Amino acid sequence: MHNYDFNPVIENELNKFENILVKPFPLKTLMGVAYQGVFDKKYCQPIIDKVNVAFLILTRFDKGYGGLNQTEMKWGYELRIVNAETLEQVNSINAHNLNDYLEIEKHIKDNIGILKADIEKLK
């Protein structure tokens, strides 16, 4: 995705809440585990087996993006939460048809409270 990564924005915003601790992404721990592109609970078990977390936040852009026509394309993203113990999953915040990548980051910041509430509902 040409270095577009909104996961740090999610992590930074969630860490601002007192009762949420986002663990750093365990790249070395997950070596050999297929984690890229995972956006459904049915593919989460190998990840859950390697990391000790209560929830996974799955992220994706809402469509593939080409590098040539970035000024003409619309941007979007989706977030899904998976309870690591029960494998219950819920769709959380998302946005579509945004004009640029920075609007994704702004939308996440503006709606981080909804993501937090969705996580708390899965407890």
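In what order do the three strands of the open sheet sit? The order is β1-β2-β3, with antiparallel pairing. The legends below walk through this predicted model, one close-up at a time.

**View 1. An open sheet of three strands, paired antiparallel.** Here β1 and β3 are the edge strands, each pairing on one side only. Ignoring direction, neighbouring strands in this sheet are turned by 10° against each other on average.

**View 2. Strand β1 runs antiparallel to β2.** Look for β1 at residues 55-61; seven bridges join it to β2. If you want one pair to get your bearings, pick L58, whose bridge partner in β2 is R80.

**View 3. Strand β2 also pairs with β3, again in the antiparallel sense.** This time there are six bridges, and β3 covers residues 89-98. Two pairs are handy to find: Y77 has A95 as its bridge partner in β3, and V82 stands opposite Q89. The hairpin of β2 and β3 has five residues between the strands, and one to zoom in on is L87, which takes a positive phi near 65°.

**View 4. Strand β2 is largely enclosed by the rest of the structure.** Why say so? Nine of the nine residues in β2, which spans 75-83, are buried. Follow the side chains along the strand and you get two sets: W75, Y77, L79, I81 and N83 point one way, while G76, E78, R80 and V82 point the other way. Both sets are buried, including the charged-looking names you might pause over, E78 and R80.

**View 5. Helices α3 and α4 lie across the sheet strands β1, β2 and β3.** Helix α3 runs at about 40° to β2. Helix α4, residues 112-121, runs at about 160° to β3.

**View 6. Helix α1 meets helix α3 in a right-handed crossing.** Packed helix pairs are described by the angle between their axes and the distance between the axes. For α1 (residues 7-14) and α3 (residues 101-110), the axes come within 10 Å and cross at roughly 20°. The two helices are therefore roughly parallel to each other. On the α1 side, the contact is made by V9, I10 and E13; on the α3 side, E105, I108 and K109 do the job. Sort the contact residues by type and you find three nonpolar, three charged and no polar.

Terms used
Residues numbered from 1 in each chain as written. Predicted model: local features only at pLDDT ≥ 70, side-chain atom pairs only at ≥ 80, totals over all residues. Heavy atoms only, no water. Buried < 20%, exposed > 50% of the residue type's maximum accessible area, 1.4 Å probe, protein only. Helix = DSSP H or I, 4+ residues; strand = E, 2+ residues; numbered from the N terminus. Pairing = 2+ DSSP bridges. Axes fitted to C-alpha atoms, helices over the stretch in contact; angles between N-to-C directions. Parallel < 35°, antiparallel > 145°, perpendicular 65-115°, else oblique. Left-handed = near helix turned anticlockwise from the far one by under 90°. Contact = heavy atoms within 4.5 Å. Nonpolar A, V, L, I, M, F, W, Y, C, P; charged D, E, K, R; others polar.
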